Amino acid sequence: MLTIKKQSGFTLVEIAIVLVIIGLLLGGILKGQELITSARVRNLADQNTGVQAAYYGFIDRYRQIPGDMPLALAQGAIAANVTVGGNNNNLIDDGSLAEAAAMWQHLALSGFIQGAYGGNAAYVAQVDAPINAFQGTVLLGMIDEYMIRAPEAAVVRLGYVFGSNVPVNVMRELDVKIDDAIPDTGVMRVSTTAGVGAANFGGVELEGSAGACVTGAAPNTIWNINGNAQNCNAIYLY
């Protein structure tokens, strides 16, 4: 008698089950990445909000600008261990890393932010300023190194620098969350500067790769998601 061997293999039902499982796994991975991005965006936004509240809270309590407050006055009003102060001209001077660094020490010793900051005018060590979730140094000061759209003119304004090393997709989502999603309009702008001298905070506000974070000419400038830049920076104008 002839014997017929059955060919072993997966049935359609088994294949369908495997495909469903793969789909669920991929969906979970994508959802997880989305949650991680959202958490990072929220962290950047919350850090800015906290600094803003601390800055204006300090002014309300002491009637002085943190960082600009003279050293002797700060030692008497805040704490004896304040080591740095400013020139008392009612602003954090444009390009002044000395006052920008002093600001963090004033805010911390007065209890408005957490941390211990040495007030180092070089502003290079992470002990002298807060860092963002991507290890980029943040900054607050008078600044005009941000993208503008004609006929707007560059004006020195008080701005919060989110810090470099931020992926462009996170920066774009942050812009959607707190502003208008456009890098050259609104209160959140992509940072731009031609140099790294003292006049522009030693390059702290630099975007990591010039031109890589945004694309297109006004009025069609957008965050360059397709470029996948991993070192972007932006400024929030107070």
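Let's start with Arg-189, which sits in strand β3 of this predicted model. Arg-189 is buried, because its relative accessible area is 5% and the cut-off for that label is under 20%. What does a buried arginine like Arg-189 touch? Beyond the residues up to four places away in sequence, Arg-189 touches Tyr-146, Met-147, Ile-148, Glu-152, Pro-183, Asp-184, Ala-234, Ile-235 and Leu-237.

Two polar partners turn up in that list. The side chain of Arg-189 has a polar atom 2.7 Å from the backbone oxygen of Met-147, and the side chains of Arg-189 and Glu-152 are joined by a polar contact of 3.1 Å. For a sense of the distances along the chain, Glu-145 is 44 residues away from Arg-189 in sequence, and the C-alpha atoms of these two are separated by 9.4 Å.

Another arginine worth a look is Arg-149, found in the loop between β1 and β2. The side chain of Arg-149 makes a polar contact of 2.9 Å with the side chain of Asp-184. Asp-184 is also among the residues that Arg-189 touches. Not counting residues up to four places away in sequence, Arg-149 touches Ile-182, Asp-184, Thr-185, Ala-218, Pro-219 and Thr-221.

Here are the short atom-to-atom distances side by side.

| Pair | Kind | Distance |
|---|---|---|
| Arg-189 and Met-147 | side-chain polar atom to backbone oxygen | 2.7 Å |
| Arg-189 and Glu-152 | side chain to side chain, polar contact | 3.1 Å |
| Arg-149 and Asp-184 | side chain to side chain, polar contact | 2.9 Å |
| Cys-213 and Cys-232 | sulfur to sulfur, disulfide | 2.1 Å |

Now for the sheet that β3 belongs to. Four strands make up this open sheet, in the order β1-β2-β6-β3, and the pairing is antiparallel. Which strands stand at the edges? They are β1 and β3, each with a single partner strand, so each has one side without a neighbour in the sheet. On average, neighbouring strands are turned by 35 degrees against each other, direction ignored.

Strand β6 has partners on either hand. With β2, β6 pairs in the antiparallel sense over three bridges, and Val-161 stands opposite Ile-235 of β6. With β3, β6 again pairs in the antiparallel sense over three bridges, and here Val-190 stands opposite Ala-234. Are the faces of β6 covered or open? Both are covered: Ala-234 and Tyr-236 are buried on one side, and Ile-235 and Leu-237 are buried on the other. Helix α4 lies across β3 and β6, running at about 155 degrees to β3.

On to the packing. The largest nonpolar core has 57 residues, and the members that touch the most others are Trp-104, Tyr-123 and Trp-223. Two or more residues each come from α1 (12-62), α3 (97-109), β1 (139-143), β2 (157-161), α4 (168-178), β3 (188-190) and β6 (234-237). Which element gives the most? That's α1, with eight residues. As a general backdrop, nonpolar side chains tend to be buried together in soluble globular proteins.

Trp-223 shows how this packing draws on several parts of the chain. Not counting residues up to four places away in sequence, Trp-223 touches Val-168, Met-171, Arg-172, Asp-175, Ala-181, Ile-182, Pro-183, Met-188, Val-190, Cys-213, Val-214 and Ala-234.

One of those contacts, Cys-213, brings us to the disulfide. A search of the whole structure finds one, formed by Cys-213 and Cys-232 with their sulfur atoms 2.1 Å apart. Cys-213 lies in the loop between β3 and β4 (214-215), and Cys-232 in the loop between β5 (222-223) and β6, so the pair ties together parts that are 19 residues apart in sequence. Why is the disulfide called left-handed? Because the torsion about the S-S bond is about -100 degrees. Cys-213 is buried, with a relative accessible area of 0%, and Cys-232 is buried with a value of 0% too.

Finally, a polar residue in helix α3: Gln-105. Gln-105 is buried, with a relative accessible area of 4%. Leaving aside its neighbours within four places in sequence, Gln-105 is in contact with Val-82, Thr-83, Val-84, Tyr-117, Gly-118 and Gly-119.

Definitions and conventions:
Residues are numbered from 1 along each chain as its sequence is written. This is a predicted model: local features need pLDDT of at least 70, side-chain atom pairs count only at pLDDT 80 or more; totals for chains, interfaces and linings use all residues. Side-chain values use heavy atoms; hydrogens and water are left out. A nonpolar core is a set of buried Ala, Val, Leu, Ile, Met, Phe, Trp, Tyr and Cys residues joined through side-chain atoms within 4.5 Å. Buried means under 20% relative accessible area, exposed over 50%, partly exposed in between (1.4 Å probe, protein chains only). Contact means heavy atoms within 4.5 Å. Two strands pair if DSSP finds at least two bridges between them. A disulfide is a pair of cysteine sulfur atoms within 2.5 Å. A polar contact is a pair of N or O atoms within 3.5 Å; within protein, one must be able to donate a hydrogen and the other to accept it, and residues adjacent in sequence count only if both atoms are side-chain atoms. Axes are lines fitted to C-alpha atoms, for helices over the stretch in contact, and angles run from 0 to 180 degrees between N-to-C directions.
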